[in-house]
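Let's walk through this structure together, one topic at a time. The sequence and the 3D view come up just below, so keep them handy.

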Amino acid sequence: MAKQLRVALAGNANVGKSAIFNQLTGLNQTVGNWPGKTVEKAEGTLFFRGYKIRIVDLPGIYSLSTFSIEEIVSRDYIAVDKPDVIVNVIDASALERNLYFTLQLLELEAPIIIALNQVDFAAKKGIRIEGEKLSTALGVPVNSTVAITGSGITELLETIIEAREPRKQTQPLKTEYGREIEEKIQSLEKLVITELPQLCMIYPARWVAIKLLERDTDVAGKLDNYKNGKQVLDYAEKLTSELEAIHGETSAVIIASERYGLAAKIAKTVTTIETPPKISLEQKLDIITTHKILGYPVLAAILASMFTLIFVGGSFVSTGLDYVFSIFTVHSESFFSSFLPEIAVQLINNGILSGIIAGITIALPYIVPFYILLALLEDSGYLPRAAFLMDNLMHKIGLHGKAFIPLILGYGCTVPACMGCRIMETQRERFLSAFVVMLIPCAARTVVILGLVGRFVGLHAALALYAFDLVLVFALGRIAFKVLPGEPVGLIMEMPSYKKPSPKNILLKTWSRTKDFVYIAFPIIIVGSIAIVASDLSGLIDYVVKGSSPLMSGWLGLPAETGIPLIFGILRKELTLVLLQEVVPLSSLSAIQMIVFTLVIMIYVPCVATIAACVREFGWKKASAIAVIDIALALLLGGIAFRLLSLLMSG
Amino acid sequence: MQFRPRRHRHLQRRDLEVNGDAVSLTCLCEGEKGVIANAFGGYGLTRRLAEMGLTPGVEVTLLRKCPFRGPLEVEVRGVSLALGYGVASKVFVKPLKVKPNG
């Protein structure tokens, strides 16, 4: 049996951590959630020199405090699960800020190795880091890497294995603070050791002491479980107040300043600034794309070309696939009919098979290109710039610029957009953005909007629907922002430099996201298709038509049969157009009816797959609240639109 | 819970007096440098700012300022940070070089 090693990758965001992860694991990776948390957990395995190495990619964070769930997840994993080695990925071009995190890892007494990444990029900026010196200063091994090209990865793996050998053990740096703080840490540390021996089995006593002085609520909460916890807390509170009285700052800020002071000192001794950096292409790009006026047309152009490419290319591929599959289903039907009863054939062919086919014809042509372009925008560093430009506008609905990213995702597919709301910092922000994202017409809804209104009423009507949707998003976002309790969070975001994206990373990202999408959406799409066929076969549909007819014809002014596509649209939105064609001839619908129908489709709950994603992120209660609000809103607006449009047309 | 983060009202008032010459980050012009004096606001915000490198005493350069109370981009410790207007208005700096006309 191979010897096993558990390795965790830790570091700031935008340092090339996932690029290193991809270089190490390639396709042998799974992306899931941390148990019970909505934090992404990427894991992978590789074999090297007789070792089986399991690698966990921790979320990109700037600190090990309690600002976000990601930080708590990371530090608990490092402290409690105690991986054999932690590879701290560091951006060589921003050493000081990265070392701030490294120092915290050292305080956690984690067995770390440093991957000094993006050394090529730093060199371009005229920054040269001496790895040897850094290694001596920190007392841990340092490897230079360029993750994008894979250089230094083998050496990194060798260091990981060597780090476990006793003769290679080094003496990691012990962070030391200014005298007043240090005295307080040490006296609190002593108390922690004597009063809370059980806690010290998990966390280093010094770390607990520092965290208590920083008023870390998570660590303070852990102390509540211990008999002597209260006593330690009281003492910590006394010391913290003393510290704050001396410095006139909150303790967390004092300690962060000291830590940064140390980081700056180390960074200075190992860094040489070589050539004064001349303005690079990346900087020129940055100047244009973040320009306060020019930036917006550039953003609009990028998004417009992205979506044109996806929808024009997508519909082309989708039609082709449809044709191929239609031939296939005819053959499969006659094949199954030869030995199965009619009902089973219907269930298999129109249920399972057509479910899979619908999934493929939507996923492949629209979702995959969307993911590729998204990864391109992400890896190049453009997305944070888009968020920066949109910050002002997003504040109008109580969100900040980062919410623009899930919003854009929403035009592709609501499922990943819903998960993309994780980039928001607080639960409130996440929920608010998810609520808004649900109203953004996804690719499937765009198929209906363009395929029905765009084709039969005219492109201007389709565009008007989009414009109306945007107004609605802002109006509802604003209302939700006022109604939901809690303070809005401001934007604090790193603006990474532009980088040339690596094709390998983009493909791997696209692959793992597509896989994720297939796992969430496909089972539900298939079950949904079976449900449609089953209710059709059992005659349930007639009841549905009868039951919904007052609402359909009375309130919305639509033929009673349109209840079928509207109801089953919850399973799959793109299916509504096909179903509509089956129940009523499209030519019999008036322009008003088409617009009302599309409007309702556009607004009410995206689809079950989205609800499933939403439940995963926010739980049943909030997910159903969103669903109910959206359905009610769609019906309300549909009815109003019917009356208003009839009035306009007749008048 | 006893270990609740406190708001330091008394500290804020005192520091405002001490840092009489400090201005809000939003008052800097593009390209102007300043030294962080203090950040006012909730415990979470000041801590977050400190963790991102905006600690008292550090030098910052205002790179970009968006119109209509839009976000700001600053450089601190060799990194670019985007700050929303609301956040930036709570960060106080002592300008390093006072512009003749501003």
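## Strands of chain B

A good place to begin is Leu62(B), which stands opposite Val74(B) in β4(B). This is a predicted model. Strand β3 of chain B (residues 59-65) and strand β4 of chain B (residues 72-76) run antiparallel and are joined by 5 bridges.

The loop between β3 and β4 of chain B holds Arg69(B). Arg69(B) has a positive phi of about 55°, although it is not a glycine. Most residues other than glycine have a negative phi. Is Arg69(B) buried or exposed? Arg69(B) counts as partly exposed because 15 other C-beta atoms lie within 10 Å, where 20 or more would make a residue buried and 12 or fewer exposed.

## Chain B as a whole

Chain B contains 3 helices and 6 strands. Read from the N terminus, its elements follow the order α-β-β-α-β-β-β-α-β.

Chain B has 102 residues, of which 40% count as buried. Among its contacts between residues at least 6 apart in sequence, 60% join residues at least 24 apart.

## A sheet shared by two chains

Which strand of chain A pairs with β5 of chain B? It is β10(A): 3 bridges join β10(A) to β5 of chain B (residues 79-83), and the two run antiparallel. One bridge partnership to look for is Ile492(A) with Leu83(B) in β5(B).

This pairing belongs to an open sheet of 7 strands, in the order β10(A)-β5(B)-β4(B)-β3(B)-β2(B)-β6(B)-β1(B), with antiparallel pairing. At the edges are β10 of chain A and β1 (23-24) of chain B, each of which pairs on one side only.

## Where the chains touch

The contact between the chains takes 35 residues from chain A and 37 residues from chain B. On the side of chain A that touches chain B, the elements giving two or more residues are α3 (95-107), α10 (217-223), α11 (229-247), α12 (251-270), α16 (382-395) and β10 (492-494). By residue type, that side of chain A divides into 15 nonpolar, 12 polar and 8 charged.

## A positive phi in chain A

Glu109(A) sits in the loop between α3 and β6 (112-117) of chain A. Its phi is near 55°, a positive value in a residue other than glycine. Glu109(A) has 16 C-beta neighbours inside 10 Å, so it counts as partly exposed.

Conventions:
Residues are numbered from 1 along each chain as its sequence is written. Chains are lettered from A and ligands numbered from 1 in the order in which they are written. This is a predicted model: local features need pLDDT of at least 70, side-chain atom pairs count only at pLDDT 80 or more; totals for chains, interfaces and linings use all residues. Two residues are in contact if their C-beta atoms, placed from the backbone, lie within 7 Å. Helices (H or I, at least four residues) and strands (E, at least two) are DSSP runs, numbered from the N terminus. Ala, Val, Leu, Ile, Met, Phe, Trp, Tyr, Cys and Pro count as nonpolar, Asp, Glu, Lys and Arg as charged, and the others, Gly among them, as polar. Two strands pair if DSSP finds at least two bridges between them.
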